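Student: I would like to work through this model by question and answer. Where do we begin?

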Amino acid sequence: MHIPDGYLSPQTCAVLYGAALPFWATATRRVKRVVKNRYVPLLALGAAYCFLVMMFNVPIPDGTTAHAVGGVLVAVLLGPWAAVVAVSIALLIQALFFGDGGVLAYGANCFNMAIVMPFVGYAVYVAFARRTSLTAPRRTLAAGLGAYIGINAAALCAAIEFGLQPELFYKTDAGGHHVPLYAPFHLAQTVPAMLGAHLLVAGVVELALTAGVIAYLQRANVPVLRVNHAAVPETQLDMPAPRKLGLRGIFVGLGAMVLLVPLGLLATGTAFGEDGPGALDLKKYGLSAVPIGLAKYSNWWAHTLLPGYGYDRGGHPTIGYYVSAVAGTLLIAGVIAGAYFAVRVTRRRHARTALDAGTVK
Amino acid sequence: VSVPATRRTAPDWLLEPEVGLCPCGCIGRRKKTNFVTKTLNGASSVMRQALFSDDIAAQQGLLQAIDPRVKLLTMVGLLVVAATVRSTALLGAMYVGTLLLAAASRLSLRFFVKRVWLFIPIFTGIVVLPATLNVITPGEVVIPFGTWFGHELGVTKQGLEAAGLIVARVAVSISLVVLLTLTTPWNRLLSSLRALRVPKVFVLVLGMAYRYVFHLLSAVTDMYTARQARMIGKDTDVASGRGVVAASAGALFGKAHALSEEVYMAMVARGYTGNPRVLRPSRLRWLDGAWVLTCVAVAALVLGLNHAIA
């Protein structure tokens, strides 16, 4: 995925340098503020480590090997901001000293592999590893999954960068034909090609290496995992009890959804099949008339209180819509509350009879 | 190899290709090497490149004599020029220019051409082959392949021109970067990054990272050599191989972490207070001025011709 110079136009390179710049600035500032001096050598070693991870050949079936990028691995071990610095420096060493990846394309490579990859991967990791101990198997899986999704996100970015080149940068020759100036493939080719390779091979390699390293450290070197997980308990037994989702959360969520109801008024057109059979495009389905059964049963139940969510009443359709929304919400809430109390009452009665019978002590 | 044996720091055995390891199979039969051997080969190749470029940077040549800051800025400028040129002929002329610079900097041309073309420009050439077809780059078909599901299929003039452009551009760009890195000692190249306004902390971390790449590399080489010494027969089990790679990468992180603690203590012991200092920049000389003027003139000429052709 290391893009060499010459594949991307200078304009694209400039834009991606611009996109990477705020991340570098923030990362450097955070490193200075949060981590102080001790982390200068840690970051340096992290960058050197990152460079070497890209050199590890991972065996894959068919006797061949592939190598990983390690962006998400470093993000899990040192945190995403440290990963931005470490991967950027590893990429700079590769570009400047070993000719792997371009100098003008350095911004693009950093954007894909040092920014998108660690942040996307780390977000997936955090989401899946929530409320697990440091040595939980789910944490290993979360790191692997983060690596898989992270590298595919990076590959998608690279594919979009490549695919935009022939659309934006070309010259027109004497015959009026376009000659692409940089990478000549279009989005329709770059996206399937890059994602195919990364979903099937590179992503799996990244997953295997990342999950493997985390599993190894969980077995052999837990203190090292503490660098980025200072507050996470080591075993599942030390975990605090899971917080119960209170009624308040439920009411806040439902209230937000009720407030979002007017969004329905913005939508134009009809949902598929909702306003049949009158709105049915018969020609599209090769029909000459509305099927008898559909015509008969579509209006079978017409005795509703607010037909068409109050929209069909004319007069004040918007107010009718709101009334429908409130009435519907209250009705559903009432049904659920009724079911809840019914269950509670039966349960209590059941418990009391069991206590009387002496089956529960 | 252009560096005389007496002035080399890279030992002979490191520079000579190993018998039977040539990937093209010119010596003996080609074997599929396993992941351990591949990683070891990769490690020694990194060592070889680094030691060898330090040797070349110590030679007396044109580019070696130019201030690293000036060299870095002019090379980036020339890279931008190469990126904006729209004609294959002009890119070809620029490539000839890089060959002349290599010769003036006492680089062996055979080595320089091999280093540049293997393997990215050749890889690029193979990858862009399908793009010469009219289904991807429409235009005048010059090599028809007949019809495919009722559609005409063939290589277009425009596709060939686009492929030529990208391969030439990649070759010129890599040549420029290789010229810069081969003729500049790495520590001076690092300190010249300050001229591009790269933050001090970044340059410090970069310098330390470059130093410890080689330290950790020898740790990897030790681990893998030890494993190879204990193995007999073919090592083909993919799952256990992945386990080994993950465990060695994990162990390497443990080593790196422990080392970073030691390095920190050593830094504090030697008076590090959080304010990194970089090498004092050297004074610019008349040669640097002449070089900048030449580069500006070349850039103006190339861009002018590029405009005239368009």
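**Chain A against chain B**

Student: How many residue pairs are in polar contact between chain A and chain B?
Tutor: This is a predicted model, and both residues of a pair need pLDDT 80 or more to be counted here. Between chain A and chain B, the residue pairs in polar contact number eight.

Student: Which element gives the largest share of the side of chain A that touches chain B?
Tutor: Several elements of chain A each supply at least two residues of that side, including helix H1 (10–35), helix H4 (80–97) and helix H7 (187–220). Strands contribute too, among them S1 (57–59) and S3 (170–172). The largest share is 11 residues, and it comes from H2(A).

Student: How many nonpolar residues are on the side of chain A that touches chain B?
Tutor: Take the classes in turn. Charged residues number six on this side of chain A, and polar residues 15. The nonpolar count is 47.

Student: How many residues of chain B are in contact with chain A?
Tutor: Count each side by itself. Chain A brings 68 residues to the contact. On the side of chain B the number is 84.

Student: Which three residues supply 10% of the area that chain A buries against chain B?
Tutor: The two chains bury about 6,700 Å² between them, and carbon and sulfur atoms hold 77% of it. No other three residues of chain A supply more of its share than Leu45(A), Phe56(A) and Phe97(A).

**Salt bridges**

Student: How many salt bridges does a search of the whole structure find?
Tutor: Across the interface of chain A and chain B the rule finds one. Another joins Glu234(A) and Arg226(A). Asp67(B) and Arg69(B) also pair. Over all chains, the search finds three.

Student: What is the distance between the closest N and O atoms of Lys171(A) and Glu161(B)?
Tutor: Lys171(A) and Glu161(B) form a salt bridge. The pair crosses between chains, from strand S3 of chain A to helix H7 of chain B. Their closest N and O atoms are 2.8 Å apart.

Student: Is Lys171(A) buried or exposed?
Tutor: The cut-off for buried is under 20% relative accessible area. Its partner Glu161(B), at 26%, counts as partly exposed. Lys171(A) has 18%, so it is buried.

Student: What is the relative accessibility of Arg226(A)?
Tutor: The side chain of Arg226(A) meets that of Glu234(A) in a salt bridge, 3.7 Å from N to O. Glu234(A) is partly exposed at 36%. Arg226(A) also counts as partly exposed, at 28%.

Student: Is Asp67(B) buried or exposed?
Tutor: Asp67(B) meets Arg69(B) in a salt bridge, 3.1 Å from N to O. Arg69(B) is partly exposed at 22%. Asp67(B) has 4% relative accessibility, so it counts as buried.

**Inside the chains**

Student: What percentage of the residues in chain A are buried?
Tutor: Chain A has 12 helices and four strands. It exposes about 19,300 Å², with 67% supplied by carbon and sulfur atoms. Of its 361 residues, the buried share is 43%.

Student: Why is H3(A) largely enclosed by the rest of the structure?
Tutor: Look along the helix: Gly71(A), Val74(A) and Leu78(A) are among its buried residues. H3(A) is followed by Gly79(A), whose phi is positive, near 100°. The helix is largely enclosed because eight of its eight residues are buried.

Student: Which residues does Ser175(B) touch, not counting residues up to four places away in sequence?
Tutor: Ser175(B) is in helix H7 (residues 157–182) of chain B. Its relative accessible area is 0%, so it is buried. Ser175(B) touches Tyr95(B), Thr98(B), Phe112(B) and Val116(B).

**Positive phi**

Student: Is Arg131(A) buried or exposed?
Tutor: Arg131(A) lies in the loop between helix H5 (106–128) and helix H6 (137–168) of chain A. Its phi is positive, near 55°, though the residue is not glycine. At 54% relative accessibility, Arg131(A) counts as exposed.

Student: What is the phi of Arg106(B)?
Tutor: Arg106(B) sits in the loop between helix H4 (88–104) and helix H5 (109–117) of chain B. Its relative accessible area is 49%, so Arg106(B) is partly exposed. Arg106(B) is not a glycine, yet its phi is positive, about 60°.

Definitions and conventions
Residues are numbered from 1 along each chain as its sequence is written. Chains are lettered from A and ligands numbered from 1 in the order in which they are written. This is a predicted model: local features need pLDDT of at least 70, side-chain atom pairs count only at pLDDT 80 or more; totals for chains, interfaces and linings use all residues. Side-chain values use heavy atoms; hydrogens and water are left out. Contact means heavy atoms within 4.5 Å. Buried area is the accessible area (1.4 Å probe) that two parts lose on being put together, summed over both. A salt bridge is a side-chain nitrogen of Lys or Arg within 4 Å of a carboxyl oxygen of Asp or Glu. A polar contact is a pair of N or O atoms within 3.5 Å; within protein, one must be able to donate a hydrogen and the other to accept it, and residues adjacent in sequence count only if both atoms are side-chain atoms. Ala, Val, Leu, Ile, Met, Phe, Trp, Tyr, Cys and Pro count as nonpolar, Asp, Glu, Lys and Arg as charged, and the others, Gly among them, as polar. Buried means under 20% relative accessible area, exposed over 50%, partly exposed in between (1.4 Å probe, protein chains only). Accessible areas come from the Shrake-Rupley method with a 1.4 Å probe; for residues, only the protein chains shown count as cover.
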